[in-house]
Amino acid sequence: GDAGNGTVPTPLTNYLDTQYFGEISIGFPAQIFNVVFDTGSANLWVPSQRCSPFSTACFTHSRYDSSKSQSYVENGTGFSIQYASGSVRGFLSEDVVMVGGIPVVQVFAEATSLSAMPFIFAKFDGVLGMGYPDTAVDGITPVFDRIMSQQVLEEEVFSVYYSRDPQRSPGGELVLGGTDPNYYTGSFNYVHTRELGKWEVTVKGVAVGRKTLFCSEGCAAVIDTGSSYITGPASSVTLLMKTIGAQLDESGYKVNCDSVKALPSLTFHMGGQEYSLTQEDYVLWQPQIQGDVCVVTFRALDVPPPTGPVWILGATFIARYYTEFDRRNNRIGFATAA
Ligand SMILES: CC(C)(C)OC(=O)N[C@@H]1CNC[C@H](C(=O)N(Cc2cccc(Cl)c2Cl)C2CC2)C1
């Protein structure tokens, strides 16, 4: 139901606490897609009906068929986006996109080739970038900017709730134009974005327990709804994981499950507030045949300059702190998730 601010919230599906996605439709009659609402990027792309038959990632997902949409407008400009983890290539098209009950005429990309890695693991079909226009490939006006220019939102903000327990329903919620008090307690604390055009803030300290180990002079962090984990510069994350006794293996950092309760909290100091994650927040218990495996949801990632070095606070962080992205005031608000 309406979160009381004129837009219909979009319920999200939570897949294993690592992928959160919701439904949009493109075209008339409506073609439905599951997309990640990704604050770390600013383009909309979905797999194309014209996907190459060799792209497995394409064939296991819903595909847009322009020949079946009465509202389709041809564009044809080439498109490619290079993620740290993979690449998407295709061409631009224009059609009516429905997000949170709001229709927008939108230029988006039809993906004709998706790198197998990582998209064969994706439960979602495509990505709807919620980033600033500056980060949009091909200078395409992003969806949220098109919605803001319609003057239908009560506030020029959007908010994200990610559930922590995959069984809980809904797995999450996106609200355009406001926040949903059902999913947070207490008040919001705000952090201004570091520079215009990115959902990036300054962290003034990263602590293990009460000991600040890095960033006391300030470092950059992207609040990224499209990333699963928390990533940081390899030197920092390696030391952080060593401090909590996590071991690195081919699929990431792990701890002994019976030592989890004794793990210290990890705290990010932002905007005058301490944002702590307890082991409940940052350890994923994965029951496996040979016994439970406890995955620490931190990864070392050296993002090359000029973007990096940078921390990325993804779903692990957002599941604990309900997040409001405020385009009007270029700030991000955090409240304790309910
Ligand atoms: C420089 C620029 C291209 C803008 O950088 C980005 O766009 N950077 C994006 C920032 N947000 C996360 C994006 C990402 O890694 N994936 C892949 C992914 C993430 C989690 C789980 C899975 Cl399975 C997958 Cl496939 C897309 C889903 C959003 C990259």
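In what follows, Ala, Val, Leu, Ile, Met, Phe, Trp, Tyr, Cys and Pro count as nonpolar, Asp, Glu, Lys and Arg as charged, and the others, Gly among them, as polar. The structure is a predicted model, in which local features need pLDDT of at least 70 and side-chain atom pairs count only at pLDDT 80 or more, while totals for chains, interfaces and linings use all residues. Residues are numbered from 1 along each chain as its sequence is written, and side-chain values use heavy atoms, with hydrogens and water left out.

The largest pocket (an open set of points on a 1 Å grid over the protein atoms alone, with protein on both sides within 12 Å along at least five of seven lines) has a volume of about 1700 Å³. Of its 47 lining residues (those with an atom within 4 Å of a point), Y83, S85, D224, G226 and S227 are the closest to the centre. By class, this lining holds 27 nonpolar, 16 polar and four charged residues. Helix 2 (116–119) is among the elements that each supply at least two lining residues, as are strand 2 (19–26) and strand 5 (73–82). Helix 2 gives the most, with three residues.

The second largest pocket has a volume of about 360 Å³. Its lining comprises 14 residues, and D17, V283, L284, W285 and Q286 lie nearest the centre. Here helix 5 (279–282) and strand 20 (283–286) each supply at least two residues, and strand 20 accounts for the largest share, four residues. Seven nonpolar, three polar and four charged residues make up the lining of this second largest pocket.

Definitions and conventions
On a 1 Å grid over the protein atoms alone, a cavity is a set of points where a 1.4 Å probe fits but cannot get out, and a pocket is an open set with protein on both sides within 12 Å along at least five of seven lines; lining residues have an atom within 4 Å of a point. Grid points are joined across faces, edges and corners, and a volume is the space filled by probe spheres set on the points.
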